[in-house]
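Colleague: I have not looked at this one before. Can you walk me through it?
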Amino acid sequence: MVTSSRTPLRTDRLRAVNEPQPVTVDLDESGLMTVGRSDGRTVGKVEAILESWRIDDEWWRRTIARNYMEVILEGGKRMVLFQDLLTGQWFAQMP
Amino acid sequence: MWIPLFPLRCEEARHEGLAAYPTALLAPDTTRKLWQISPLARHAGVKPGMTVSQAIGLCPTLRLIEPDPVHYDERFAHLLSALNEVSPVVEPGDLGLVYVGCDGLEGIYGGPEKVVEAIRRTSHAARVGLGLGKFTAWVAASRSKPGEAVIVQRGTEAKFLAAQPISALPLDADTHRRLRQLGIRTLGALAALPEEAVTAQFGAMGRRLWRLAAGRIAEPVAGRSAPEPIVAALTFFAPVGERELLAHALDQLIARALKHPRRIGWRVHAVRLRADLEGSSSWLAAILLRDPTADAGRIAAPLKTRLEQSPPTGAVERLVLEFTAFAPGTSELQLFARDAQAAARAGQQRALQSAAREIRMRVKRSPLYHIVEVQPWSRLPERRYALIDYEP
């Protein structure tokens with residue numbers, strides 16, 4: 001992490017890091033998942049699910065409920081996906 | 001003389017308009033916590049030691065500043081130099097706190113008010129206290145308003161101190177709590193107790209506190225006099241006219257003068273380079289370094305420029321270098337400079353700042369961002385960190 005600057009850091013100019021990126025997840029007839037980008041291009045087929053976990057948070061404000069899974073795509077690429085359980089939408093995010 | 005929140009004041013001085021906003025300085029050792037808080041931020045509930053996210057939660061318009069210890073040290077060194085013009089006896093305390101020996105100054109300036117006026121002219125934001133001994137003077141300064149002074153007349157120290165809160169004493173939190181539990185809220189209340197009883201209860205430290213509260217201790221200001229000029233000279237076998245040779249000789253003289261034992265602990269502020277020329281004429285360059293330094297290159301640079309721009313009019317028989325004025329070395333200054341690691345960190349920050357400025361000049365915009373921790377404990381990854389424009 002870079003620290004420096006001494007210039008006043010204006011909190012109104014904070015930008016989020018690691019925001020969830022929308023992706024598509026399709027299931028074929030045999031139940032295998034295929035991950036695609038929002039522009040329609042395919043990222044890859046899911047070969048294995050390494051781990052899955054659920055996050056429920058901020059029920060007092062605007063409920064957040066996510067089902068995360070760490071997957072391995074064809075070719076060995078590792079990826080973290082989650083499904084927003086309130087909207088059903090899929091996202092990719094760094095863990 | 002006391003300038004509370006000195007680092008924050010330094011930042012306000014170099015960022016115009018900053019004083020109008022709630023501001024917080026990040027801690028020098030960890031950028032996750034706040035160190036110094038402006039009064040506006042304090043009013044919004046922000047406190048030193050809070051994490052960035054806690055502070056932003058309380059005060060969304062808060063402006064965060066990363067610390068620049070080297071800059072604060074430089075500003076403090078300038079302040080000490082300015083005070084040295086008023087009195088030869090100057091003792092630095094914590095950053096922003098300076099004790100000035102005033103004995104004999106009344107003969108130069110006039111009464112105590114005139115002495116205080118001369119001290120106040122060195123900094124408009126300073127609070128000044130005049131009294132017998134460092135503790136009385138410090139308490140007086142802490143009771144004055146910015147840009148004003150409190151003068152404790154001789155013989156009235158005990159009366160003045162009696163009305164002050166015990167927080168004026170150099171207490172640890174535990175002793176402060178114990179004194180308050182005993183119902184002691186002022187220095188007068190503490191001084192009213194028998195000295196032996198306070199010593200029995202609080203040990204040697206209690207005795208010292210009692211004596212301070214009673215005005216029995218008047219510690220003098222322990223200043224130190226600047227060293228005599230340091231001279232290094234070189235006589236050439238044959239008169240020299242080549243500038244390269246002169247520049248080389250200058251480097252040797254600077255290195256020799258810097259090694260002089262009297263220079264240790266001092267940074268060079270003023271330099272003179274004299275040349276005895278063939279035919280009984282001479283040449284002189286006198287340089288006042290804007291930032292006092294002990295770095296050979298920074299001392300040599302302005303002298304070499306002078307050698308280039310207005311060289312000696314004849315061949316040089318003898319070259320003499322003099323360090324004529326000094327500023328206290330960083331080693332005796334502040335908590336930051338005493339910490340070599342912090343000083344190194346500050347140096348790295350400066351290098352980074354310079355590189356960022358160059359990138360911005362080349363690409364006409366700043367593609368650099370700075371990562372700050374917002375809620376590092378959050379279960380939601382996007383809440384943990386945030387980016388902010390890196391603007392040196």
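**Chain B: cores, a covered helix and a shared sheet**

Modeller: Start with contacts in chain B between residues at least 6 apart in sequence: 56% of them join residues at least 24 apart. Keep in mind that this is a predicted model.

Colleague: How many helices and strands does chain B have?

Modeller: Chain B has 16 helices and 13 strands. Of its 392 residues, 34% count as buried.

Colleague: Which residues have the most contacts inside the largest nonpolar core?

Modeller: Val100(B) and Ala213(B), in a core of 69 residues. Leaving out residues up to four places away in sequence, Val100(B) touches Met1(B), Leu83(B), Val86(B), Ser87(B), Val90(B), Ile119(B) and Val221(B). Another core, of 19 residues, lies apart from the largest one and includes Leu62(B), Ile65(B), Val372(B) and Ala386(B).

Colleague: Switching to helix α7 of chain B, how many of its residues are buried?

Modeller: 8 of its 10 residues, so to speak of residues 134–143 as mostly covered is fair. Among the buried ones are Phe135(B), Trp138(B) and Val139(B).

Colleague: What covers them?

Modeller: The cover includes strands β5, β6 and β7 along with helices α8 and α11, all of chain B.

Colleague: And what does Val372(B) stand opposite?

Modeller: Ala386(B), in β13(B). Strands β12(B) and β13(B) run antiparallel and are joined by 5 bridges. They belong to an open sheet of 3 strands, in the order β2(A)-β13(B)-β12(B).

Colleague: Why is one side of β2 of chain A left without a neighbour in the sheet?

Modeller: Because β2 of chain A stands at an edge with a single partner strand, as does β12 of chain B.

Definitions and conventions:
Residues numbered from 1 in each chain as written. Chains lettered and ligands numbered in written order. Predicted model: local features only at pLDDT ≥ 70, side-chain atom pairs only at ≥ 80, totals over all residues. Helix = DSSP H or I, 4+ residues; strand = E, 2+ residues; numbered from the N terminus. Buried ≥ 20, exposed ≤ 12 C-beta atoms within 10 Å, placed from the backbone. Contact = placed C-beta atoms within 7 Å. Core = buried A, V, L, I, M, F, W, Y, C linked by C-beta atoms within 7 Å. Pairing = 2+ DSSP bridges.
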